[in-house]
Amino acid sequence: MIVGTAGHIDHGKTTLVRALTGVETDRLPEEKQRGVSIELGYAFLDTAAAGAQPAGTRIGFIDAPGHERLVHTMLAGATGIDFALLLVAADDGVMPQTREHLAVLSLLGIGRGLVAVTKCDRADPARVQAVVADVQALLQQTPLAGAPVLPVSAHTGEGLDALKAVLFQAAADTAAHAREGEAFRLAVDRAFTLDGVGTVVTGTVHAGRVNVGDELQLVPGERRARVRSLHAQNRAVTTAHAGQRCAVALAGVDKQEIERGQWLCEPAMAMTTERVDVQLSLWHGETKPLRSGAIVHAHLGSASVLAAVAVLDPPLLEPGQGGRVQLVLRKPLGAWHGDRVVLRDASASRTLAGGHVLDPCAPVRYRRTAQRLAELDALALPAAQERLNALLAVAPQGLDLRRFAAAQGVRPGELPADVLRHTDAHADMALGALQTTQASERVLQVLGAYHASHTEELGPDAARLRRLALPRLPEPLWRALLSRLQGGGLVQVRGAFVHLPEHGVRLSATEERLAQKVATPLQASGFEGAWVRDLARDAGEPEALMRVTLVRLSQRGELYQVVKDLYYPPATMARLGTLARSVAASNGGSVLAAAFRDATGLGRKRAIQILEHFDRIGLLRRVGDVHWLRADSQLFLSTDTADASL
Ligand SMILES: Nc1nc2c(ncn2[C@@H]2O[C@H](COP(=O)(O)OP(=O)(O)OP(=O)(O)O)[C@@H](O)[C@H]2O)c(=O)[nH]1
Ligand SMILES: [Mg+2]
């Protein structure tokens, strides 16, 4: 269990932590000199040492500064704590940072805690009782309502046993951390160098587990490093988990590369964002509503950054009211679903609002549409699996499952059986059952209409069909959909073309006759291809008739027209396509004209004509002088050769 102190300056936080743990957490010369805490302090208390049950439990303390200008430091310490220890000095009573720290704790959603009314040796019992009553009233509208309020004195020791008893009971009641099963994430609050150990990063583990030897990533950033050794709650361990203070020694990382506000996380979960959608409540003590355009300090994890507010729903937030808000961050941060957010005003003098992240990869556009609000509703559900199912049920273009898992900070879960799924090295995507049905219907309807208006053609090619029917559906899902339709016999795919099964290719008698006549010469023409004029002459047919017929045959997927009047049969085209693929494979995905010329033995001009044809039909994509293999193209994969019918 991690306990965080809170309370007005000089109310005795550091002194109480010292009385409980024996550790002096004010260590900076400036802190000692001025008697004021500036940095976060860390100390630990063993329940065993104090004779409590269960033995061996170690409570971590994060001692926060109370200075009004250091609320951001208090916030960095308070994020991720399990239990709040709010202090109010009996002589001073409730003061501004008593209120503000209480607001911070409430907005962080911290519902477990106690209030110590300190310096009781300095006030008479009536005064102490009055302060206790004030505090109880103050807690009323917060998640800490009803928490124990205990009079203590760090100087005389009065009340300390009762306070410890509450802490030990709370530690005993701390069940296995709810987020232990999630991916590992630690909010960094310090980095230093230790002789013989190297760079050490400390922070509160927000979720998951980590082991010595694991590879972790610093976020924001790309830096990865192995865990050389670990301390949890100030003890050397081989594994640490959510709900612990943790020090991680990282191999080969320089201290300068790390700062407070970063996260240390599993590389698969690395997620950097400049735009988050959050569920937010405006503090009931605010006097004005929160409007779009407001500039605020956003505190996420141990980071703080300036952000612009866009209130999504309702259009503005009244004090005490909850709603959905987008934060546009001035600087990228690591953030995940469920992370707590606290907003302070632009001059950092007031704590305004708090809530949690719904979507760390929030959209720039369409952020208030009914569709988007339905997605945010889905993201508000309590369990990751429920969110996944609900999101699939409302996402018209499907879901990127890897991105979803990373944003949620969880490993991908089970999918409903009836979704459409595409998985490969590059993508893992799913489309909900209803959306799959609707998309299928749309494809069949568009294809039917296409056949009706292009009776002479076999059908559109797959890329064109996608543009006509489902332009926004991601390519991997489009491919999965098409092969499902094909597998179910609802469409047929011939080369690059797609058609309804009943849209048979019926050649006219003339076309049939000509097709037969040209089959052999086309095949014999090899990689050079055959010209209409030569085919007409050799077949003894009129050139005009041959030209019209071959155009029709190519529209039906029977032939390929590479440049005007130059034709290839599918088998030859497939061999050329396979060669282009193998050139690309040995060249990091690119096909240069010279390499393709050498691979085919063709002249430069013809080689380029064929590459440009491949650009047009979607096998390659030209960028400058280089033709890149489209990773998502299925043309001329080995199965296609079997389709070569002429
Ligand atoms: N008489 C008396 N004095 C106390 C008690 N607790 C703390 N003090 C004194 O109050 C002063 C401030 O105590 P700190 O523990 O530094 O206060 P703090 O809340 O940590 O202050 P910041 O971290 O700067 O916000 C010190 O001089 C302490 O000796 C107490 O129980 N009784
Ligand atoms: Mg202090």
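The chain of this predicted model has a mean pLDDT of 91, and 96% of its residues reach 70 or more. An exception to that confidence is found over residues 639-646, where pLDDT stays under 50, although the model still has 16 contacts beyond four places in sequence for this stretch. Where pLDDT is low, the predicted coordinates should not be read in detail.

**Domains**

The domain assignment divides the chain into domain 1 (2-173), domain 2 (185-269), domain 3 (273-368) and domain 4 (569-646). Between domain 1 and domain 3, whose C-alpha centres lie 28 Å apart, there is a contact to which domain 1 contributes 14 residues and domain 3 contributes 17 residues. The size of an interface is often given as the accessible area lost when the parts come together. For domain 1 and domain 3 the area buried between them is about 1200 Å², and carbon and sulfur atoms give 66% of this area.

**Two helices in contact**

Helix H16, which covers residues 570-585, packs against helix H18, which covers residues 604-617, at an angle of about 90° and with the two axes 11 Å apart. Angles of 65 to 115 degrees count as roughly perpendicular, and H16 and H18 are therefore described as roughly perpendicular to each other. On the H16 side the contact is made by Met573, Leu576, Gly577 and Ala580, which meet Ile610, His613 and Phe614 of H18. Sorted by character, the residues of this contact of H16 with H18 comprise 5 nonpolar and 2 polar residues, with no charged residue among them.

**Backbone details in loops**

Two cis peptide bonds that lead into a proline are set out below, each with its omega value.

| Cis peptide bond | Omega | Citation |
|---|---|---|
| Val219 to Pro220 | near 0° | |
| Asp313 to Pro314 | about -5° | |

Pro220 is found in the loop that runs between strand S10 (215-219) and strand S11 (224-232), while Pro314 lies in the loop between strand S18 (303-313) and strand S19 (322-334). A further backbone detail concerns Tyr366, a residue other than glycine whose phi is nonetheless positive, with a value near 55°. The loop that holds Tyr366 lies between strand S21 (351-359) and helix H7 (370-379).

Key: Residues numbered from 1 in each chain as written. Chains lettered and ligands numbered in written order. Predicted model: local features only at pLDDT ≥ 70, side-chain atom pairs only at ≥ 80, totals over all residues. Heavy atoms only, no water. Axes fitted to C-alpha atoms, helices over the stretch in contact; angles between N-to-C directions. Helix = DSSP H or I, 4+ residues; strand = E, 2+ residues; numbered from the N terminus. Parallel < 35°, antiparallel > 145°, perpendicular 65-115°, else oblique. Contact = heavy atoms within 4.5 Å. Nonpolar A, V, L, I, M, F, W, Y, C, P; charged D, E, K, R; others polar. pLDDT = per-residue confidence, 0-100. Domains from an automatic or database assignment. Buried area = accessible area lost by both parts, 1.4 Å probe.
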